[in-house]
Amino acid sequence: MAKNYRGKNIRKPGWRGTCEICKREAVKVLWTTVDRDDNELKICKICNSKIEPTD
């Protein structure tokens, strides 16, 4: 497979954006979490690993 086709789905709108926790721009925001006020946040991979799981 040619390298220019790898990851083409990630380049589509809606996959990349600004992480609402660390405020990084143009990162993959694939994970969602809920804050204390029950608002849904889109976060990056790094912030997702820092958040403790809630049971």
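**Exercise 1. Determine the secondary structure content of the chain and the order of its elements.**

Solution. The chain contains one helix and four strands. The model from which these elements are read is predicted. Following the sequence, the order of elements is β-β-β-β-α.

**Exercise 2. Describe how strands β3 and β4 are arranged.**

Solution. Begin with the limits of the strands: β3 covers residues 31-34, and β4 covers residues 40-43. Next, consider their pairing, which is antiparallel and runs over four bridges. Within this pairing, tryptophan 31 lies opposite isoleucine 43 of β4. Finally, examine the connection: the two strands form a hairpin, with five residues between them. In the turn, aspartate 38 has a positive phi of about 65 degrees.

**Exercise 3. Identify the residues of the largest nonpolar core and follow the contacts of isoleucine 43.**

Solution. The largest nonpolar core has seven residues: Cys19, Val27, Val29, Leu41, Ile43, Cys44 and Cys47. Take Ile43 from this set. Setting aside neighbours within four places in sequence, the contacts of isoleucine 43 include Cys19 and Val29, both of which also belong to the core. Isoleucine 43 is also in contact with Trp31, the residue opposite it in the strand pairing. Further contacts of isoleucine 43 include Asn48 and Ile51.

**Exercise 4. State the burial, surface and contact range of the chain.**

Solution. First, burial: 13% of the 55 residues count as buried. Second, surface: the accessible area is about 5,000 Å², and carbon and sulfur atoms account for 48% of this area. Third, contact range: of the contacts between residues at least 6 apart in sequence, 13% join residues at least 24 apart.

Terms used: Residues numbered from 1 in each chain as written. Predicted model: local features only at pLDDT ≥ 70, side-chain atom pairs only at ≥ 80, totals over all residues. Heavy atoms only, no water. Pairing = 2+ DSSP bridges. Buried < 20%, exposed > 50% of the residue type's maximum accessible area, 1.4 Å probe, protein only. Contact = heavy atoms within 4.5 Å. Areas by Shrake-Rupley, 256 points an atom, 1.4 Å probe, with all protein chains shown as cover. Core = buried A, V, L, I, M, F, W, Y, C linked by side-chain atoms within 4.5 Å.
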